[in-house]
There are 2 protein chains.
Amino acid sequence: MKIPPVKGTRDFYPHEMAVRNWLIEGWKKVSVRNGFEEYDGPIFEYLQMYQIKSGDEISEQLFRLTDRGGRELAIRPEITPTLARMVNQQINALPRPIKWFSTPRLCRAERPQKGRLREFFQWNIDIIGIDDVLADAEVIFCALDYLQEVGLTAKDIVVKISSRKMLAELLLSTGVAETELEALYAILDKHSKLSDEDFRDMLGEKIADADKCKKIIGLMTAKSIEQISGMAQLSEKAKEALDEVKRLFELLKVMRVGDFCEFDIAIVRGLAYYTGIVFEIYDKVGELRAIGGGGRYDNLLKQFGGPDIPATGFGIGDCVLGILLEEKGLLQRQLPKHRLDYFVAATDKQFFQKAVEITAMLRRKGLAVNFSYKAANLGKQLKQASDENARKCIIIGDEFIKNNELIVKDMAGGSQELIKADKFFT
Amino acid sequence: MKIPPVKGTRDFYPHEMAVRNWLIEGWKKVSVRNGFEEYDGPIFEYLQMYQIKSGDEISEQLFRLTDRGGRELAIRPEITPTLARMVNQQINALPRPIKWFSTPRLCRAERPQKGRLREFFQWNIDIIGIDDVLADAEVIFCALDYLQEVGLTAKDIVVKISSRKMLAELLLSTGVAETELEALYAILDKHSKLSDEDFRDMLGEKIADADKCKKIIGLMTAKSIEQISGMAQLSEKAKEALDEVKRLFELLKVMRVGDFCEFDIAIVRGLAYYTGIVFEIYDKVGELRAIGGGGRYDNLLKQFGGPDIPATGFGIGDCVLGILLEEKGLLQRQLPKHRLDYFVAATDKQFFQKAVEITAMLRRKGLAVNFSYKAANLGKQLKQASDENARKCIIIGDEFIKNNELIVKDMAGGSQELIKADKFFT
């Protein structure tokens, strides 16, 4: 009876687990120093939660289940709907701004590819209650604080930034109707992944008017904020949105992460709920999928039955990030080494019980200690001590009978000293 | 559109998250110092995995799902089958003994009750490759190392220990057939939860022969190892199993946790796969469900298509443990306090951008720092600094313009000093 693991999932053997722990502990450390508090929700929610506002792509990728009462549930494909639900439930008790983070396990029934699995971990940072673009800047800074912390520089990664509010105004000015925007975002989001021709075809299927299409394609070629500022007939709202983008870039400069950031009108984001600043983080070589992304979603809490409160945040998954850090040689050497304080060896079977006793006592004192299950010869035990990366080895031998002493061997230097056994037994 | 959370799941707001983190980090710390390495598997596996050997109770409580390829999956209700699968996959590459731990999120479709939820976290410790009862002792020691670490004493908790191997031999000697054992364990496991009458009825339904029933009920009243040792006509195998139990208690004494442990023939365990020593940990008052339990499962790896390798381990959930620690007053006061190193305040709007800059720079240096989104008056900002538990507050005011100096206020003592701004800007 041999059962394989499910395709697209991972087994975390101790080495892979050490990598995952290092990544996630880094996320936690940086979140806390940026003033965020940790939260989490259940692994599943009512199916409906993901059918309201996440957009079609995510709804199609749900792992659905039915509980014994016949209720339709789904394993979470993202944590933002849970965040919206939780914040809404306690909205009057929570001091604002709400600065929360989480590192949830998420599942999406996608076709597994490089950097994309059916089960992954995602760092989420959110600021709720602040409509100022400063919150968007802080969120981007926080991502970059972590990415710099693990050794990535502006030569390795880039944050591409745009604004849905601005894009919406520009699209409306081409004659697109407000109701067409959501479907259009889904197509524009694919812009960088498609050839010019495929993009034109896809757009043409949605927007029948060839002139409109041409204008939209023209828009997507805008290279800078200045170029857009120079466009004729910008609406007041478009100007407002542009000013916001400008102020965001100024703030990122003040925060000294300006080098990492660039404007890119083609950044739209796949999720349906974004309303303002949107961004994605990429490797500079451009070989990998997005490392992460996020943006402002000012209407989501309201759509989940809560008050009208602005919000902004991001998500960074562990898969692409892990690949990039590995490729840059930044992963293996930063992993903390598993170390024992002591390994306890016995030169003879008669001392075995004493080895067990010392081991137990030292562990109770908070030290990391191991011993050998086999009363093997001393050489083998010393090898095990070395394999398990012990700092020191306590050897129980004849000195214990004669003088109540134990040998303590320094595993790195090789030096030995005799220490009274009482020190270890009290 | 307001969607509630799913019944039997928990939302972890920052306070609840701090509790969960404290529990799980404690499990991790104690596991590592006892020489265990961390692993984890996917949140779901093929449904079949849980239908082979876990027993009927768990199979009925599965959250089942079907992926897009029509494959039947289930969210993991326990991690031991995953452990067996993972170890079998790499059996030739893994040095033995394999000492692994995990702290998985698990789901069971049970009726939620006190200490029992549909989603919970469980600390798992396993030693694979050692048939000696010393491994069982180490596993029990490790649980008690943690439980003592968080402040529980032999006055608060008890480890009740028995042996399925011994029980099997004693049952066989009453005339029960080998094939009846598994079903019988499920009934005997309920012994302590049922009245004598209900237990007799339940047993009678399974074992028709009244004389056999009487003998089995007699067995379950045995109070000590000595009483069983004194029984007439013990088989050689029964004597062997008894000797193992005796040696286990001796080892637990050597490890100085003997005070926590007692023999209890009624400990059987619900899961089908146990083969030797079994144990459960209870609060001494006896008001709560078991805090945890475990035992030896020597056949499981083989049943999962691997080699014949012995194994022993335990699981401790977070729900009952959390309730017990709360009741004993051991929880709240041990939670680590969320602290900021600095809060950065500005006395005037003109300094706001400088506040943002200092905050960003100090965070990049690894310090936990926050600032106020509102350029409110200084009093309000100092209150926020105090609410967020900051050690020090940096105040940017007129001294910055005049002398390029910042006020650094010690939040506990209230003392202030002037420090050159360069210190914070480089």
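**Two chains and a three-strand run**

Chain B can be laid on chain A with an RMSD of 0.1 Å by a turn of 180 degrees and a shift of 0.0 Å along the axis, the copies being superposed by least squares on the C-alpha atoms of residues with pLDDT of at least 70 in both. This is a predicted model, in which local features need pLDDT of at least 70, side-chain atom pairs count only at pLDDT 80 or more, and totals for chains, interfaces and linings use all residues. Residues are numbered from 1 along each chain as its sequence is written, while chains are lettered from A and ligands numbered from 1 in the order in which they are written.

User: What makes this the relation of a two-fold axis?

Analyst: The turn is 180 degrees and the shift along the axis is 0.0 Å; therefore the relation is that of a two-fold axis. Leu65(B) is the residue of chain B closest to the rotation axis, at 2.4 Å (C-alpha).

User: How many residues does the contact take from each chain?

Analyst: Chain B gives 72 residues and chain A gives 72 residues, where contact requires C-beta atoms, placed from the backbone, within 7 Å. Helix α14 (residues 352-364) of chain B supplies the largest share of chain B's side, seven residues.

User: Why are β15(B) and β16(B) said to pair?

Analyst: Strands pair if DSSP finds at least two bridges between them. Strands β15 (residues 390-396) and β16 (residues 405-410) of chain B have four bridges, in the antiparallel sense, so they satisfy the definition. Within this pair, Ile394(B) stands opposite Val408(B).

Methods. Helix = DSSP H or I, 4+ residues; strand = E, 2+ residues; numbered from the N terminus. Contact = placed C-beta atoms within 7 Å.
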